[in-house]
Number of protein chains: 2
Amino acid sequence: MIYPPTTPEPQGHHLTTQILNYQLTHGMHLKHIPLNPRLPRNSPVGSSYPISTSIFPTPFPKTLFYYAKQTLQPIYNELYALLAQDESWLYEAVIRPLLPVDAFARTLWEIHERLTNEGEQEGGGYGSNISMGLFRSDYMLHGENAGLQLKQVEFNTIACAGGCHANKAVDMHRYLTKTGVYDSLSGASDDEVKRDSPIKLSSLPVNDNIDALAESLAVAHDMYGRPAATRRAGVLFIVQPDNFNVADELPIEYALWDRDVPVPTYRVEWGVDVLERTCLGGDRELLFYPHLQGDGSDGGKRQPVEISVVYLRAGLEAHEYDSTGIECRVRLEQSRAIKCPSSLGHILTFKKVQQALMGPGVLERFLHSEEKVSAVRDTFMSMYPMDGVSTEGRVGRRLATNPDTAGRYILKPSLEGGGHNIYGEDIPGFLLGLTSESEWGRYVLMERIRSPIVGNVLISREGVEESDVISELGVFGLCIWKKGEILRNEAVGWSLKTKFADVDEMSVVKGFGCFDTPLLV
Amino acid sequence: MIYPPTTPEPQGHHLTTQILNYQLTHGMHLKHIPLNPRLPRNSPVGSSYPISTSIFPTPFPKTLFYYAKQTLQPIYNELYALLAQDESWLYEAVIRPLLPVDAFARTLWEIHERLTNEGEQEGGGYGSNISMGLFRSDYMLHGENAGLQLKQVEFNTIACAGGCHANKAVDMHRYLTKTGVYDSLSGASDDEVKRDSPIKLSSLPVNDNIDALAESLAVAHDMYGRPAATRRAGVLFIVQPDNFNVADELPIEYALWDRDVPVPTYRVEWGVDVLERTCLGGDRELLFYPHLQGDGSDGGKRQPVEISVVYLRAGLEAHEYDSTGIECRVRLEQSRAIKCPSSLGHILTFKKVQQALMGPGVLERFLHSEEKVSAVRDTFMSMYPMDGVSTEGRVGRRLATNPDTAGRYILKPSLEGGGHNIYGEDIPGFLLGLTSESEWGRYVLMERIRSPIVGNVLISREGVEESDVISELGVFGLCIWKKGEILRNEAVGWSLKTKFADVDEMSVVKGFGCFDTPLLV
């Protein structure tokens, strides 16, 4: 199979125009925020530019695609729901090693401890016994040909992004396929094309992330139960200020409002906006005063909305936890609203968790099934802590500081979001540049995944470029649980992201990589 | 009723943000084309900015809204279908007066004559006996209170725009209403708000222009009948190059592809692109070779698409008719494809037609019903020709050149599209500036419509501004006919556009005015 199809001019230009047109008319855009230094000043109010996408779908093994969704995701959902309930394991395996070296882990744990201690008194402590996760487990292909395997890049438990963009990118590639634009680009004659063209609608899986993520929140909203008689209930999206990627959040809100029985949904910015616009009711209800329904200053006549589900698309980065940010998180946790995620669920996003799960007997402790244990373990690449104490830590340090071995590894901090990893040959020098070796413990060392390389053409704000690429499959999972009981566990969606093979980072909104569709083979 | 509701900061800011977010995520954007001098250079590939919209729906009388759609539009559709079939009336009333003074009218008539003369020979002449119109009849309110009437601004027969934007603007105002953001802006307390807020979902009519315009084209596509056995049939959109307003065309194409039985739809640019990508088959089929399916140079192996319906979103402006443009139009007319519109249908868009319809007995000649005649006549403002020969023309010249009377009139050239009218006090000086009085005959003089003024807040790329505004209701009509028989006649959609009361022009894409939703009262 010749892939990608050749695109002689002017066909290439015509295809690019169709893609740009589709992006514009479907809101596959990023907001121009004046803070973004890559964009020109003085742009008109509300201007925007397209998110990067691939021109062609990228081949991906069909069996592994469905295995990740149908088999792996429910096991991972279960595993993380169980981890979130085992405070002592979490403390020993994740928190204790990080406390001395990772201020963010310390902050989150202090929030948890404060809530636990408050719990002794009336009106304090955790307000809900139901927890919700909208997870995203990311995989890359590893190996060659018949030996291809899925290896986990990371498991995200907070503010998992890309669902809406992925949905629309798939819609776009499916639309382009339907119109026949890919049929003829191989240069074959018409009859041959019909036989040979690898891009068929039936090979491009449907993606309904937007509806499925909305449905997930609606399920939790229903579980919350009825609000006090005089109140409406609604879902609250906690968002970052000046977010240029609103197009990955809003479609979920619109879908919630658009249901036969609308689920009222509101946005509030992380921090002071949360503190000013919410308060706790007598029964720990999270009461929210919408921005466009007065400020409550007129004698309390306004009826607040009782929040059923708090969906965090903010509060994932260390810098968000100044004293206001901490109070914001505590307020939310004190409330009866279901949090997606809870503080303990959030902590599970640390890379340290992945590494800790590799320890002998750990998976067996949580998953009482050999099959589940080996399914999860098969997705692991080698990972090492970087402490100077444990046996594994000493191995990690040796591999990371030796230029002969470091090339095969990635050094990952516990921080959420891309852009902070150190790759291969850069690792030894980076470690030496840190002020003290004790800081090394903030990182984990992970063996690099060796993905097969295919060709594609990517379109970004910089232009159109053909190149070798590699892809990353993300699977969205919904899990809702309370102590000892999993109430809901399913895969709800997926995303495929693709980047140039010679670029290490995979963050589409930062300009590395693009949204893509798997061509199932 | 206090209108619009007051919007104290920061509520106003919050509402504006919600609107900008909705516009971005729903493709209510205009493309940044580097040619547009109002936009900064060096913007990223594919960048765009929002189309102007009102912040609030604008009050509009319910009875007149439905009267325009349900009663007036079918009569107007019928009238224009009959006019298009009466070549002798068209020549006498419209073309003969324009021939000496209006080069565009001359060009279009020459195309018609060439096709008529060719008709004597085999292979030439008009190729289809079915004609299609997707019209838009524009009205403004005239008068006061109980005496309010609809007065026609113009009747458009080619490339009628605004359908998609109007649809999405209405969706947006309905979404905002559903979320409750308008409820509290009056400053009343919650109970009062519920009673007083004039903006209720039930007062905002649903708009489904996009589906309805797609359905209209699908109806004509079906009427065309089956293509030759080996071919696909499809609809061809003829579009302007470098169009920055693709968001008003593409949603119709997507809707056609998205039907249960997709109607294949293609885009081709007016002019050389049409000539290179199409040819006539042996039975006058318009055969189209899609851009992404080869250039036909490989021994003719590619199967072309047989075009069922030619939908013109180009070819409406005089400058498009160089020799290539003329050949393009002739090619299309020679084909069996149903044209929307045909050349004669196109000529009916000239303002001269409106004025000619005012002549004594003209409406009676076409509409054999007193009720229909008076319904149409009631929408007329006084109009005068500007020739120096007829009685009416002399009256027109006297009114237009006298500064005391000119203020009550608008001088309109026959050109399609906004931006060419001369208003009120500017008329006498403008006429004197023309090189000869014979040129005056290109214009018609129309009495200005005196619309009631209401308050609203408009958001455009320049910012947010509260002001007195006036609105214009456009009604989209579908009419398909062949000689002596109307095959389809219905109203298919509508748009509401609103502008500052002190601005004369109404062209949203040029930055005057915005898309709006009627608040039916």
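Here is a chat about strands, helices and aromatic pairs in a predicted model.

Trainee: Let's start with strand β11 of chain A. How many of its residues are buried?

Mentor: This is a predicted model, and in it 8 of the 8 residues of β11(A), residues 305-312, are buried.

Trainee: Which strands does β11(A) pair with, and in what sense?

Mentor: Strand β7 (residues 232-239) of chain A pairs with β11(A) in the parallel sense, over 7 bridges. Strand β12 (residues 338-340) of chain A is also parallel to β11(A), with 3 bridges. Strand β10 (residues 286-288) of chain A runs antiparallel to β11(A), and 2 bridges join them.

Trainee: Can you give me some residues to click on?

Mentor: Sure. For the β7 pairing, A:Leu236 stands opposite A:Val310 in β11(A). For β10, take A:Leu287, whose bridge partner in β11(A) is A:Glu306. On the β12 side, A:Val309 has A:Ile338 as its bridge partner in β12(A).

Trainee: Okay, new sheet. In what order do the strands β13, β14, β15 and β16 of chain A come?

Mentor: The order is β13-β16-β14-β15, in an open sheet of 4 strands with antiparallel pairing. The edge strands are β13 and β15 (422-423) of chain A, each of which pairs on one side only.

Trainee: How many bridges join β16(A) to β13(A), and how many to β14(A)?

Mentor: Strand β13 (residues 383-385) of chain A is joined to β16(A) by 3 bridges, and strand β14 (residues 409-413) of chain A by 5. To find the β13 pairing, look for A:Pro385, whose bridge partner in β16(A) is A:Val444. For the β14 pairing, A:Pro413 stands opposite A:Tyr443 in β16(A).

Trainee: And which way do the residues of β16(A) point?

Mentor: A:Tyr443, A:Leu445 and A:Glu447 point one way, while A:Val444 and A:Met446 point the other way. All are buried, so the glutamate is covered along with the rest.

Trainee: What about the pairing of β14(A) with β15(A)?

Mentor: β14(A) and β15(A) are antiparallel, with 2 bridges. A:Ile410 stands opposite A:Tyr423 in β15(A).

Trainee: Which helix lies across β13, β14 and β16 of chain A?

Mentor: Helix α15 (residues 391-401) of chain A lies across them, running at about 110° to β13(A).

Trainee: Let me hop to chain B. What is the strand order in its open sheet of 4 strands?

Mentor: β13-β16-β14-β15 (chain B), with antiparallel pairing. At the edges stand β13 (383-385) and β15 (422-423) of chain B; each has a single partner strand, so one side of each is left without a neighbour in the sheet. Strand β14 (residues 409-413) of chain B pairs with β15(B) over 2 bridges, and B:Ile410 has B:Tyr423 as its bridge partner there. Helix α15 (residues 391-401) of chain B packs on the sheet, touching β13, β14 and β16 (443-447) of chain B.

Trainee: Switching to helices: at what angle do α7(A) and α8(A) cross?

Mentor: Helix α7 (residues 209-224) and helix α8 (residues 250-257) of chain A cross at roughly 65°, and their axes come within 8 Å. The crossing is right-handed.

Trainee: Which residues meet there?

Mentor: From α7(A) you have A:Ile210, A:Asp211, A:Leu213, A:Ala214, A:Leu217 and A:Ala218, and from α8(A) A:Pro251, A:Ile252, A:Ala255 and A:Leu256. They divide into 9 nonpolar, no polar and 1 charged.

Trainee: Last topic. How many aromatic pairs does a search of the whole structure find?

Mentor: It finds 44 over all chains. One to look at is B:Phe56 with B:Tyr182: their ring centres are 5.4 Å apart and the planes are at 45°, so the pair is tilted.

Trainee: Why does that pair tie together parts that are 126 residues apart in sequence?

Mentor: Because B:Phe56 lies in the loop between β3 (53-54) and β4 (58-60) of chain B, and B:Tyr182 in the loop between α5 (163-178) and α6 (190-196) of chain B. B:Phe56 is buried, with a relative accessible area of 0%, and B:Tyr182 is buried at 2%.

Trainee: Which residues form an aromatic cluster in chain A?

Mentor: A:Tyr76, A:Tyr80, A:Phe135, A:Phe155 and A:Trp481 form one.

Technical notes
Residues numbered from 1 in each chain as written. Chains lettered and ligands numbered in written order. Predicted model: local features only at pLDDT ≥ 70, side-chain atom pairs only at ≥ 80, totals over all residues. Heavy atoms only, no water. Phe/Tyr/Trp six-rings, centres within 6.5 Å; stacked < 30°, edge-to-face > 60°. Buried < 20%, exposed > 50% of the residue type's maximum accessible area, 1.4 Å probe, protein only. Axes fitted to C-alpha atoms, helices over the stretch in contact; angles between N-to-C directions. Left-handed = near helix turned anticlockwise from the far one by under 90°. Contact = heavy atoms within 4.5 Å. Nonpolar A, V, L, I, M, F, W, Y, C, P; charged D, E, K, R; others polar. Pairing = 2+ DSSP bridges.
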